[in-house]
Amino acid sequence: MNKTLSILALTGSLVLGGLVGYDIHQRSETPTTAAPAPAESATTGAPARQGQMVQTLAQPYDSARARTESEANTVQVVRERRDGLVYISVTERDSSSAQAQLRQRLQQQLPFGFGDGGGQEQTGTGSGFFVTGSGDIITNNHVVEGASEITVRLHGSKKTYTAKVVARAPDFDLALIRAEGVPSSEIRALPLGDSDQLDVGLKAIAMGAPFGLDFSVSEGIISSLERQVPVGTKGVNQNVIQTDAAINPGNSGGPLLNSAGQVIGVNTQILTGGIGQSAGVGFAIPVNTVKKLLPELQAGKGTVIQTPSLGVGIGDVASLSADERKQAKLPDQGVLIGRVYQGSPAAAAGLKGSRTVTDESTGERTTLPGDVITAVDGQPITGVEELPQQIISRRIGETVTLTVIRDGQPRDVKVTLKAFDLAAAAQREDAQGQ
């Protein structure tokens, strides 16, 4: 999680904290012996004399009986799953990369050391977990992206292993890495649960290495299942699990477990409110997203799993006034296409963006609205955030049917999806003055 810290602060406040604020006080006078309290003080409730220590428990402390059912469950889950946890360290030799530059800025702003602040190499840490018996490790893409060297350690061991990226899925902030030379007897794959079967209020246990503190465990509940936050390099809003289990830098890529010891999510982001550390609002990628992508990640051979794009610039038609929509013959809801980029799937399908026409007789220029997308494969699209969500969930080569309004009339347009670098296309066309 230390590696790409911008991802960890949705409010723009970067999430970091130091090992500060610990205030340890030691009593200057510690009694070595204490006179036993009179029996009546413990049994009759008679007031004790000032300064006298009073026995408060009639029976000796029994740790087994004192543990609640929930506590005993947490202890059992941690003991059974801790050996599936992996600590990840990365090195970047390219100090010009976006990740390295971000880390340098953070080091200049913060009053404590964080990784290697000098020289050309930049370092960071994160977490991960074994997902298969063959040694595949799931972590966040932002933990390993841009790394020139990756090493991992297992719980309870100081031995390090070199790891390689098998495949990355940047648009879902997931990556699969594999360590070299790990004995099969040391691999403890964690069982994957079903994130579609979760309920708000259920227990959530986060494991990882926050701030580089190996093997730290925090516990909370599932706070919400209705949350959507920007995930991955495209920043498309996706469904996430919200938890109040403390998650901090270094927890990234670590597992979020349920009371059955199953992985229900991959810890990825926190919302800080500007206080610089966990504020009890953490987010995890649902494990069903991992299960959906796992076969493709395993077959990746070092590649990047791409997601499709329409190749359009869009806006929310509802942002226009009622008079503007009426005059332009636009619907009340939908996604207005402002721009269609050359070579994109949208351009190949004949979708139209906003355009300016000139009246040759008067020279007056008028901007005509582009197509308004109102549905994808019959699924209504009411807001601008819903269209990228629909497209990113599809596969490259898949054909979708878009319902669009053009000149006040509905029509269906079939679009064959492909990977398309929207940012590069925008930069290229802007440079050409288009």
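Modeller: Two residues are in contact when heavy atoms of one lie within 4.5 Å of heavy atoms of the other. Keep in mind that this is a predicted model.

Biologist: Which residues, beyond its neighbours within four places in sequence, is L176 in contact with?

Modeller: They are V131, D136, I137, I138, K164, V165, V166, A167, L294, L297 and Q298. Each has heavy atoms within 4.5 Å of L176, so each counts as a contact.

Biologist: What makes L176 stand out in the largest nonpolar core?

Modeller: That core has 29 residues. L176 is among those that touch the most other members, along with F129, I138, L174, L257, V266 and L297.

Biologist: Which elements each supply at least two residues of this core?

Modeller: Helices α3 and α6 do, and so do strands β1, β5, β6, β7 and β11. The largest share is that of α6, with five residues. As a general tendency, nonpolar side chains in soluble globular proteins are buried together.

Biologist: Why are β4 and β5 called paired?

Modeller: Pairing needs at least two bridges, and β4 and β5 have four, therefore they qualify. The two strands run antiparallel. I150 has A163 of β5 as its bridge partner.

Biologist: What links β4 and β5, and which residue in the turn has a positive phi?

Modeller: The two strands form a hairpin with five residues between them. In the turn, G156 has a phi of about 80 degrees. On another side of the pairing, β4 (residues 149-154) is joined to β1 by six bridges, again antiparallel. There, I88 is matched with V152 of β4.

Biologist: What makes the barrel a barrel?

Modeller: Six strands close on themselves in the order β7-β8-β9-β12-β11-β10, with antiparallel pairing. Neighbouring strands of this sheet are turned by 50 degrees against each other on average, direction ignored.

Biologist: Which helices pack on that sheet?

Modeller: Helix α3 (residues 69-81) touches β7, β8 and β10, and its direction makes about 35 degrees with that of β7. Helix α6 (residues 287-298) touches β11 and β12, and its direction makes about 35 degrees with that of β12.

Biologist: How do you know that β11 and β12 pair?

Modeller: Five bridges join β11 (residues 263-270) to β12 (residues 282-286); at least two are needed, so they pair. One of the matched residues is V266, whose partner in β12 is I285.

Biologist: What about β15: how many bridges does it share with β14, and how many with β18?

Modeller: With β14 it shares five. With β18 it shares two. The requirement is at least two, so β15 and β18 pair as well. Both pairings are antiparallel. V312 has V340 of β15 as its partner, while V335 stands opposite I373 in β18.

Biologist: Where is T307, and why is it called buried?

Modeller: T307 is in the loop between β13 and β14. Its relative accessibility is 6%, and buried means under 20%, so T307 counts as buried.

Biologist: What makes the pairs of T307 with D171 and with K234 polar contacts?

Modeller: The T307 and D171 side chains are 2.4 Å apart in their contact. The contact between the side chains of T307 and K234 is 2.9 Å. The cut-off is within 3.5 Å for a pair of N or O atoms, one able to donate a hydrogen and the other to accept it, so both pairs pass. Farther than four places away in sequence, T307 is also in contact with F172, I392, I396 and A419, among others.

Methods:
Residues are numbered from 1 along each chain as its sequence is written. This is a predicted model: local features need pLDDT of at least 70, side-chain atom pairs count only at pLDDT 80 or more; totals for chains, interfaces and linings use all residues. Side-chain values use heavy atoms; hydrogens and water are left out. Axes are lines fitted to C-alpha atoms, for helices over the stretch in contact, and angles run from 0 to 180 degrees between N-to-C directions. Buried means under 20% relative accessible area, exposed over 50%, partly exposed in between (1.4 Å probe, protein chains only). A nonpolar core is a set of buried Ala, Val, Leu, Ile, Met, Phe, Trp, Tyr and Cys residues joined through side-chain atoms within 4.5 Å.
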